[in-house]
Amino acid sequence: MPKYAMVIDQRRCVACMACVVACKNENEVPPDQYRTRVLEMVEGEFPLLRMELRSELCNHCDNPPCVYNCPTGASYKRKEDGIVLLRKNRCVGCKACVAACPYSARYINHEKGFADKCTFCDHRLKEGKEPACVATCIGKSRIFGDMDDPRSPVRVALQGSDATVLLEGAGTKPRVYYIKKFSKPE
Amino acid sequence: MEITVTGVNALTSPHLHIWDWRVSLYLFLGGLSAGLAVMTTILHLRQGGKLVKDEAAGYVAPILVPVILGIGMLFIFLDLERKLNVFWFYLTFQPLSPMSWGSWGLLVFFPVSGLLALATLPDNMLHWLLLEPLKQLAVRMRGYLFPLAAVNFAMGIFIGIYTGVLLSSFVARPLWNSAVLPVLFLTSAMSVGAALMIMIARTNKVKLFFTKIDIWMICGEMVILPLFFYGQYTSSGAHRDSILPFFSLSSEYFSYGCSMLVLFIIFPIALVLKMLEIKEEHGHTLTPMALAKMNLSAGIVLVGGLIIRLTFVYAGQLSKLS
């Protein structure tokens with residue numbers, strides 16, 4: 001059984017927004033709504049400026065508050081691969097999952113009313129493909145794979161890196177890792 | 001730091017705005033019906049039923065409980081994005097979801113409160129029931145008054161505390177994520193329930209009895225509310241930031257700051273008025289002035305309960321972990 005995860009290598013992101021566009025196109029996300037976003041954070045004072053680029057999406061947490069708060073069982077974590085998914089026909093649109101997510105990863109699809117989110121392109125995974133955002137990433141900043149496979153791209157990327165997760169203190173155990181710092185030269 | 005985000009959803013950025021006045025009203029009316037249910041049980045069982053003798057509130061209050069609850073449930077229904085899927089609440093039980101507990105709890109509370117309303121209906125009011133089977137049911141339920149009242153009491157406490165647990169279960173919203181919030185909402189529910197009972201009661205003794213109860217409840221709220229803020233202030237940075245709107249009169253948070261000022265003014269006023277009411281010598285019937293003062297203080301308590309729900313629902317959505 002795979003244990004899917006994603007690594008965002010922030011050092012390689014160029015903020016081209018191709019991932020945002022690919023996701024919208026692949027998943028038919030309504031025009032003014034998004035499953036993934038890119039943050040450009042500039043800090044410091046001119047001329048000593050520093051920019052951090054960070055892609056954000058559903059973290060497919062191992063301890064998912066959105067699943068715990070769902071009153072109908074519409075949101076669930078698939079046992080086979082750990083992806084957090086939604087049974088759309090069960091969703092009542094109560095918005096409890098939207099409130100429960102510390103990563104603001106969910107939204108109400110205003111065309112269909114259900115609480116939509118990233119699925120790691122579940123339909124593509126079934127065909128043996130990578131998620132659309134990963135396949136389109138020109139800088140190879142987004143890396144996807146099976147955490148249980150030592151040869152998978154995510155395991156290789158995480159090896160020897162200072163990877164972090166977002167809001168670690170929240171205890172949600174995210175499956176999206178961020179490589180922010182360059183490792184020390186050997 | 002300057003942040004530019006490509007791909008934000010208006011629903012969650014710059015802050016959450018998923019629940020509005022409909023959810024606030026649901027929480028308020030749910031709390032009010034829960035509090036009134038508890039007070040109804042007390043009215044019927046206290047002093048071996050002597051308190052309820054010649055008291056119209058004995059049958060008016062039990063009728064109001066399911067009516068108020070029904071209106072509250074209508075508001076939460078209106079808030080659902082996919083209303084036709086509402087039946088899914090009752091095709092599953094999710095033990096970790098407070099909303100699931102609440103939806104099943106309401107399913108028990110609603111008929112129990114309805115049955116108690118039937119059981120407490122006096123003979124001269126039975127003609128209100130248009131259907132003969134309902135009349136027969138009302139007569140039959142009189143034999144179960146005590147167990148119905150006891151279940152009503154338990155469900156009142158459950159619903160009263162649930163309205164707070166619903167919010168406090170969200171780790172992502174620091175203002176709501178406090179174990180004190182359910183206790184505050186429960187106390188507020190009991191307080192507004194007692195206040196409404198004061199307004200609908202006709203006899204002096206019942207009005208004064210529930211005034212005494214309300215004094216204790218208001219005192220409880222006046223202790224729990226500062227404790228809640230103290231707990232948030234001494235917790236993590238996100239928790240501390242979450243209470244900022246209540247202590248700021250800047251243009252951004254003006255309504256929250258004003259709401260808190262109003263709460264800190266009206267609760268002591270209601271308390272003083274109620275203290276004076278129980279100390280005052282009342283004749284067999286209340287003077288119009290005494291009656292107006294009682295209704296005023298009860299009305300103030302109801303307004304306070306509504307302000308608590310409105311401000312907490314909205315301010316909680318401004319708070320986040322990052």
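User: Hi! In chain A, how many bridges join strand β9 to β10(A), and do they run parallel or antiparallel?
Analyst: Hello! Strand β9 (residues 163–164) of chain A is joined to β10(A) by two bridges, and the strands run antiparallel. Two strands pair if DSSP finds at least two bridges between them. Strands here are DSSP runs of E with at least two residues, while helices are runs of H or I with at least four, all numbered from the N terminus.

User: Anything I should know about the model and the numbering?
Analyst: This is a predicted model, where local features need pLDDT of at least 70 and side-chain atom pairs count only at pLDDT 80 or more, while totals for chains, interfaces and linings use all residues. Residues are numbered from 1 along each chain as its sequence is written, chains are lettered from A and ligands numbered from 1 in the order in which they are written, and side-chain values use heavy atoms, leaving out hydrogens and water.

User: Cool. Which residue in β10(A) is the bridge partner of A163(A)?
Analyst: That partner is I179(A). I179(A) also stands opposite D9(A).

User: What is the strand order in that open sheet?
Analyst: The order is β8-β1-β10-β9 in chain A, four strands with mixed pairing. β8 (142–146) and β9 of chain A are the edge strands, each pairing on one side only.

User: And how does β1(A) pair with β8(A)?
Analyst: They run antiparallel and are joined by five bridges. Within that pairing, A5(A) faces G145(A), and V7(A) faces I143(A).

User: What about β1 and β10 of chain A, parallel or antiparallel?
Analyst: Parallel: strand β1 (residues 4–9) and strand β10 (residues 176–179) of chain A share four bridges. Here V7(A) stands opposite Y177(A).

User: Is β1(A) mostly covered or not, and how many of its residues are buried?
Analyst: Mostly covered, with six of its six residues buried. Buried means under 20% relative accessible area, exposed means over 50%, and partly exposed lies in between (1.4 Å probe, protein chains only). Y4(A), M6(A) and I8(A) point one way, while A5(A), V7(A) and D9(A) point the other way.

User: Switching topic: how many residues of chain B are in contact with chain A?
Analyst: 37 residues of chain B touch 43 residues of chain A, where contact means heavy atoms within 4.5 Å. About 3400 Å² is buried between the two chains, and carbon and sulfur atoms give 59% of that. Buried area is the accessible area (1.4 Å probe) that two parts lose on being put together, summed over both.

User: Which three residues of chain B supply more of its buried area than any other three?
Analyst: N9(B), R82(B) and W88(B), which supply 18% of the area that chain B buries against chain A.

User: How many salt bridges are there between the chains?
Analyst: Two between chain B and chain A. A salt bridge is a side-chain nitrogen of Lys or Arg within 4 Å of a carboxyl oxygen of Asp or Glu. One forms between K95(A) and D79(B), with the closest N and O atoms 3.3 Å apart.

User: Which strands pair across the chains, and over how many bridges?
Analyst: Strand β2 (residues 37–45) of chain A pairs with β1(B) in the antiparallel sense over five bridges. In that pairing M41(A) stands opposite I3(B).
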